[in-house]
There are 2 protein chains.
Amino acid sequence: MANRAALSEEDVCARVRDSVLEQRLAPGTKLTEESLCAVFGVGRTTVRRAFLLLKRDNIIELQKNRGAMVASPSPEEARQVFESRILVETGLLKTTIKTVTLIDIEQLRGHLLAEKAALENADIARWIRLTGEFHLLLAKLAGNKLLDAFLEQLVFQTSLIVALYGPGSTGPNCSGDDHRQLVDALSAGDHSHANDLLVQHLHEIEAQLEFAPQQPFGDLQTIFGEARTA
Amino acid sequence: MANRAALSEEDVCARVRDSVLEQRLAPGTKLTEESLCAVFGVGRTTVRRAFLLLKRDNIIELQKNRGAMVASPSPEEARQVFESRILVETGLLKTTIKTVTLIDIEQLRGHLLAEKAALENADIARWIRLTGEFHLLLAKLAGNKLLDAFLEQLVFQTSLIVALYGPGSTGPNCSGDDHRQLVDALSAGDHSHANDLLVQHLHEIEAQLEFAPQQPFGDLQTIFGEARTA
DNA sequence: TCTTCTAATATTGTTGACAATCGAATAAAA
DNA sequence: TTTTATTCGATTGTCAACAATATTAGAAGA
């Protein structure tokens with residue numbers, strides 16, 4: 001059994017975000033306080049505070065007296081997310097390309113292997129999560145915590161957007177080889193090429209969106225139950 | 001008298017942020033729950049939730065069992081704030097220069113007048129706030145709410161940074177004429193020039209910083225009392 | 001006088017009960 | 001059958017009391 005030390009609001013927030021990142025929590029899902037209390041074994045106070053954090057990150061929407069539901073970004077919001085990602089990620093890349101070390105490259109390649117393994121094991125949830133985390137890992141190399149945190153928000157929202165408007169459940173969040181090519185360009189110190197690849201990669205994902213919503217669903221206990229696979 | 005409808009955590013959060021923006025709340029100031037309850041006439045629940053929001057915006061620091069204090073960004077954090085601002089603001093400018101309308105220019109010029117008036121009236125608090133809001137107004141024209149919200153965070157943090165490391169109390173947050181020149185360039189549709197001015201403007205502010213902290217102070221009741229001058 | 005320990009005070013953290021509000025189900029009327 | 005009211009159950013919002021923790025003040029000893 002997991003330890004019984006009470007989870008903090010940050011923990012609950014992280015768990016919910018994980019579920020969003022792995023697309024086990026569909027946009028529009030109603031989150032009642034009581035159910036989350038039960039799932040995570042915490043009091044309403046903690047859940048309530050977690051809701052506040054999640055709202056600030058645009059992961060849930062809070063309506064007065066009507067509770068919380070997982071956010072459903074509009075097409076316009078989706079556009080803004082990708083616009084922001086391109087700006088931030090290319091900005092970070094400009095720094096990274098100048099400071100990147102061999103150790104960093106090793107770490108990135110290690111991550112690529114993990115992505116590949118997850119895909120081969122047909123562990124789709126894990127793969128979806130890893131492809132998102134690749135971008136965060138890449139961002140971290142630039143050493144700007146503020147932009148990191150902001151990009152994190154954007155990546156989580158991207159997950160919601162892909163869940164809403166993306167291609168069928170088989171469809172990739174990030175097509176397989178793009179990340180490897182990007183690491184290669186980075187390793188070669190070719191900023192212009194790396195930049196092109198990054199922009200193209202993001203545009204590709206955006207281009208695959210079809211703005212006609214759909215609604216999968218899931219049971220909360222199941223969804224949250226198997227969160228910690230890392 | 002103002003209406004007695006209870007303020008929400010967002011309201012409290014906004015009031016505190018206003019005070020930070022106008023530099024009436026010094027970095028390091030201890031914020032006890034009870035004092036804020038008294039000042040704003042709300043319960044501890046509301047203050048507590050506001051604290052959570054303020055923490056997420058890096059405006060206060062929360063220590064377990066030790067309460068909240070206004071954040072004191074480190075020199076490294078200051079560097080990251082300016083790096084982020086340059087990235088975001090130049091990115092937004094690239095959009096704005098393509099879509100800006102005469103009405104937008106009018107609005108910006110109106111803001112410049114307000115800045116000038118505040119300066120002439122020696123209403124320094126208001127002037128400091130307006131110079132910060134100029135950047136937010138400019139950003140809003142690009143029509144990306146996510147980047148807007150992020151820049152808002154950065155501007156508030158800039159206020160803390162200037163309070164900590166900036167030139168003496170007479171020193172300007174944004175030197176007077178820079179904003180006007182920027183609007184002129186924008187009005188002329190000269191992207192390259194506008195971009196240069198913006199970058200130079202931000203670099204100027206950063207260059208004026210001296211990383212040797214100082215500590216002004218103030219009474220909470222006074223600080224919050226005269227917040228709403230807009 | 002200075003240090004160290006203890007007790008008192010003040011502040012924060014948590015819980016549970018109660019109030020307010022919303023949504024659904026039912027019943028009544030057109 | 002459809003629409004409108006009303007009641008009931010469920011969910012959220014608020015508050016106050018209590019517990020846990022930290023800070024301060026004071027006393028004792030060197």
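In the predicted model, chain A and chain B together bury about 2,500 Å², of which 55% lies on carbon and sulfur atoms. The contact involves 29 residues from chain A and 29 residues from chain B. On the side of chain A, Leu52(A), Arg56(A) and Leu146(A) contribute 28% of the area buried against chain B, more than any other three residues.

Polar and charged groups also meet across this interface. The number of salt bridges between chain A and chain B is six. One of the salt bridges joins the side chains of Arg56(B) and Asp57(A), with a distance of 2.9 Å from N to O. In addition, 14 residue pairs are in polar contact across the interface of chain A and chain B, with both residues of each pair at pLDDT 80 or more.

The side of chain A that touches chain B draws on several helices. Helix 1 (9-21), helix 3 (44-56), helix 4 (75-99) and helix 7 (145-165) of chain A each provide at least two of its residues. Helix 4 of chain A gives the largest share, namely eleven residues. When the residues on this side of chain A are sorted by class, nine are nonpolar, eight are polar and twelve are charged.

The protein also approaches DNA strand C. A total of 13 residues surround DNA strand C, and those that come nearest are Thr45(A), Arg66(A), Arg44(B), Arg48(B) and Asn65(B). Of the atoms of DNA strand C that come within 4 Å of the protein, 66% belong to sugar and phosphate. The residues of the surface near DNA strand C comprise one nonpolar, five polar and seven charged. Helix 3 of chain A, helix 2 (33-40) of chain B and helix 3 (44-56) of chain B each supply at least two residues of this surface.

Individual atom pairs illustrate how the two chains meet the strand. In chain A, an N or O atom in the side chain of Arg66(A) is 2.4 Å from a phosphate oxygen of DNA strand C. The side chain of Asn65(A) places an N or O atom 3.3 Å from a sugar or linking oxygen of DNA strand C. In chain B, a phosphate oxygen of DNA strand C lies 3.2 Å from a backbone N or O atom of Asn65(B). Thus Asn65(A) is paired with DNA strand C through a side-chain atom, whereas Asn65(B) is paired with DNA strand C through a backbone atom.

Notes: Residues are numbered from 1 along each chain as its sequence is written. Chains are lettered from A and ligands numbered from 1 in the order in which they are written. This is a predicted model: local features need pLDDT of at least 70, side-chain atom pairs count only at pLDDT 80 or more; totals for chains, interfaces and linings use all residues. Side-chain values use heavy atoms; hydrogens and water are left out. Contact means heavy atoms within 4.5 Å. Buried area is the accessible area (1.4 Å probe) that two parts lose on being put together, summed over both. A salt bridge is a side-chain nitrogen of Lys or Arg within 4 Å of a carboxyl oxygen of Asp or Glu. A polar contact is a pair of N or O atoms within 3.5 Å; within protein, one must be able to donate a hydrogen and the other to accept it, and residues adjacent in sequence count only if both atoms are side-chain atoms. Helices (H or I, at least four residues) and strands (E, at least two) are DSSP runs, numbered from the N terminus. Ala, Val, Leu, Ile, Met, Phe, Trp, Tyr, Cys and Pro count as nonpolar, Asp, Glu, Lys and Arg as charged, and the others, Gly among them, as polar. A residue is near a molecule or strand if one of its heavy atoms lies within 4 Å of it.
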